[in-house]
Amino acid sequence: MELTFTGRVIEWRGPAPYYFVPVPDQESADIREVAAMATYGWGVIPVEARIGELAFATSLFPKDGGYLLPLKNAVRTPQGLSAGDDVAVRMTVRLT
């Protein structure tokens, strides 16, 4: 399953700051339809994502009926991304 969307980078402040891009409602609904074939536990969904020229593997976190795409520093820093920035995401859900 391939998805393309634009989202705003958000920051979650815990013991260490984490950055995410919330997956929009429609795309989250599409992911829920295949979640049972994709998850490897705890509701996380493995994906291959691309922001700009940078491709990376990660897992979506379930949150309030939707999903969050985590952005590690290795993804954010080279692209100069901060909380509040809008980003275009291309993403492939890896089905098992």
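This short talk covers the largest pocket of a predicted model and the aromatic rings around it.

First, the ground rules. The model is predicted, so local features need pLDDT of at least 70 and side-chain atom pairs pLDDT 80 or more, while totals for chains, interfaces and linings use all residues. Residues are numbered from 1 along each chain as its sequence is written, and side-chain values use heavy atoms, without hydrogens and water.

Now the pocket. A pocket here is an open set of points on a 1 Å grid over the protein atoms alone, where a 1.4 Å probe fits, with protein on both sides within 12 Å along at least five of seven lines; lining residues have an atom within 4 Å of a point. The largest one has a volume of about 150 Å³, taken as the space filled by probe spheres set on the points, which are joined across faces, edges and corners. Its lining consists of Ile10, Glu11, Trp12, Tyr18, Phe20, Phe61, Lys63 and Leu68.

Strand 2 (10-13) gives the largest share, three residues. Strand 3 (17-22) and strand 5 (54-63) each supply at least two. Strands are DSSP runs of E, at least two residues, numbered from the N terminus.

Two of the lining residues, Trp12 and Tyr18, bring us to the rings. The whole structure has two aromatic pairs (Phe, Tyr or six-membered Trp ring centres within 6.5 Å). In one of them, Trp12 and Tyr18 have ring centres 5.8 Å apart and planes at 40°, so the pair is tilted, being neither under 30 degrees (stacked) nor over 60 (edge-to-face). Trp12 has a relative accessible area of 47% and Tyr18 44%, so both are partly exposed, between buried (under 20%) and exposed (over 50%), with a 1.4 Å probe and protein chains only.

Definitions and conventions: Helix = DSSP H or I, 4+ residues; strand = E, 2+ residues; numbered from the N terminus.
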